[in-house]
Amino acid sequence: MSSRKLGTDEIFILEKGLKFTPTPKAQNIPEMEADISDFCRKLRLAEFFLDESVNDDSLVRNKSTFTPGKGRNKELDQFIEHLAKFPLNEINNKRFKRSNFTRKQWETVGNLTNDPSIIIKEADKGNAVVIMDTDYYRNLSLDILNDESYYTENKTYKIKGVMKNLDKIVNNVGNGLTDKEKDYLVNFKFKESNFYGLPKIHKSKIINDACSKSQTSYVENLRPNDLKLRPIVAGPACETHRLSNLIDILLKPFLTKVRSYIRDTMDFLNNLPERTPPGSILVSFDVTNLYSNIPHDLGINAIKYWLNKYPELIPDRISKEFILTGLKFILENNNFHFDDNHYRQILGTAMGTKVAPTYATLTLAFLEEEMYNKIEQSKGLEERLYIERNWKRFLDDCFIIWQNGEESLLDFHSNCLNKLHPDIQFTVERDRASLPFLDTLVKLDNNNNIQTDIFYKATDTKQYLTFESCHPRHTKNNIPYNLARRICTIVSDEDTLKTRLGELRYFLKNRNYPEQLIDRKSTRLNSSHLGISYAVFCLKK
């Protein structure tokens, strides 16, 4: 999307993907020494605590620096001494000389990295590498941040002041926390969050059309006017990230009580019926910008509802007040900087904080409870029970097989779902033949039997990790197996399965995976519990 024309060498480099790792130019002796030291410490700790029983209820804690001393175990001391004297400098260095980058390619990487006129980002979905003009990316980001309904410029932001208030919360309402948990929450090296946006190319009609027409992996489309960014607040060491982690641990058990909760694709497949009644409609709903649109009072009331309904799911020593106060503190202190300015999010939760997915799931589940009650009041108990059994949701993506006709569906969408809360609005997609949900294409055959196929968006690049990347060999060895297993799990029709596995073989060969490795991993798949007899045949063909 940049006005800067990319050369052939630059396109070749970017096609490798942003996860590609160049070969180190030489062995990092200090790093190897540090790894050996860490390994020896773990050996001493294992020996020291071998017969010790640990009586500590802490859910989180800072890493200990304790290292047991010598003299407890003679054989262990001798082994560690031998490791410490190992001559690292004499290790054969030949494999490090077979670089997967030439000098010219290193220069190309430097040119791309140091060019201030462009921004290189990974697409929100599909692994595509997106190149944008810097001013275009900046304007897209500011379009988000200048919306005063969601963000405000924070000229008085002081990170130490936020940490001071966090310390007060821990001391005032965290009476049940262990000393290790308190230390974890307030004693760490903190720094402010950064804001960035991931281009949602899969939702741009202009880009989708361009990708559908393109015969190559390189697509040019200068500054499409329908491109949006997904706002991400990256704060792996921000003031609230540890508090967010602890509260996420405390709230996760409540997900098991959500009737509609879908854990992943496998869970979704397990909840699909084998066939449907004639006239059924496949329907999916999507919440518009869920994370950004949850008002703080709605989210807090939702969590309060679940805490009161299932109090046994939280440890007795931790109070509801601590969870609610801590959650409110996280929501109200989502501070970050962008383009030398400080901002604070005033509506919704940040995509990036640890507790966000659990918080969003429980908030929507709270509204779903209201939805079930509304359906019973207006349509009767039988209709409620049907919705409860068949309504499934993964975060903001909802799925149901509708059996009551088109008119009833439209009424449910407009007069039930979109009236649960003014800030939470649903879009709908429906079809009587096939419909994608997550990475699965759900289809109805002529006999109303449900078939499933793998689903790729038009912008999906199939840009799997290249085999030349300097990743651990076991990582690259397992990629063919895991991708094939995913296909075998999702695809229900045997003929389609052969086709999809053949496509996978083509994709992997394009990423330079050896045929022998692909065949060996497919043999492993054939002998697994899946019992797919076609994997080896198809991948070899």
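A residue counts as partly exposed when its relative accessible area falls between two limits: under 20% is buried, and over 50% is exposed. This model is predicted.

**Salt bridges**

Side chains of opposite charge can pair when their charged atoms come close. The structure holds 33 salt bridges. Three of them are listed here.

| Pair | N to O distance |
|---|---|
| Lys5 and Glu220 | 3.4 Å |
| Lys379 and Asp411 | 3.7 Å |
| Arg500 and Asp453 | 2.7 Å |

Take Lys5 and Glu220, whose side chains meet in a salt bridge. Lys5 sits in the segment before α1, and Glu220 in the loop between α9 and β5, so this pair ties together parts 215 residues apart in sequence. Glu220 has 47% relative accessibility, so it counts as partly exposed. Lys5 has 62%, so it counts as exposed.

Lys379 and Asp411 also form a salt bridge. Lys379 belongs to helix α15 and Asp411 to helix α17, 32 residues apart. Asp411 is partly exposed, at 30% relative accessibility.

Next come Arg500 and Asp453, another salt bridge. Arg500 lies in helix α19 and Asp453 in strand β14, so the pair ties together parts 47 residues apart in sequence. Arg500 is buried at 18% relative accessible area. Asp453 is buried too, at 3%.

**The second largest pocket**

The second largest pocket holds about 1,300 Å³ of space. It is lined by 43 residues, and Thr216, Ser217, Tyr218, Val219 and Thr461 are the closest to its centre. The lining has 19 nonpolar, 14 polar and 10 charged residues. Helix α1 gives the most, with four residues.

Conventions
Residues are numbered from 1 along each chain as its sequence is written. This is a predicted model: local features need pLDDT of at least 70, side-chain atom pairs count only at pLDDT 80 or more; totals for chains, interfaces and linings use all residues. Side-chain values use heavy atoms; hydrogens and water are left out. On a 1 Å grid over the protein atoms alone, a cavity is a set of points where a 1.4 Å probe fits but cannot get out, and a pocket is an open set with protein on both sides within 12 Å along at least five of seven lines; lining residues have an atom within 4 Å of a point. Grid points are joined across faces, edges and corners, and a volume is the space filled by probe spheres set on the points. Helices (H or I, at least four residues) and strands (E, at least two) are DSSP runs, numbered from the N terminus. Ala, Val, Leu, Ile, Met, Phe, Trp, Tyr, Cys and Pro count as nonpolar, Asp, Glu, Lys and Arg as charged, and the others, Gly among them, as polar. A salt bridge is a side-chain nitrogen of Lys or Arg within 4 Å of a carboxyl oxygen of Asp or Glu. Buried means under 20% relative accessible area, exposed over 50%, partly exposed in between (1.4 Å probe, protein chains only).
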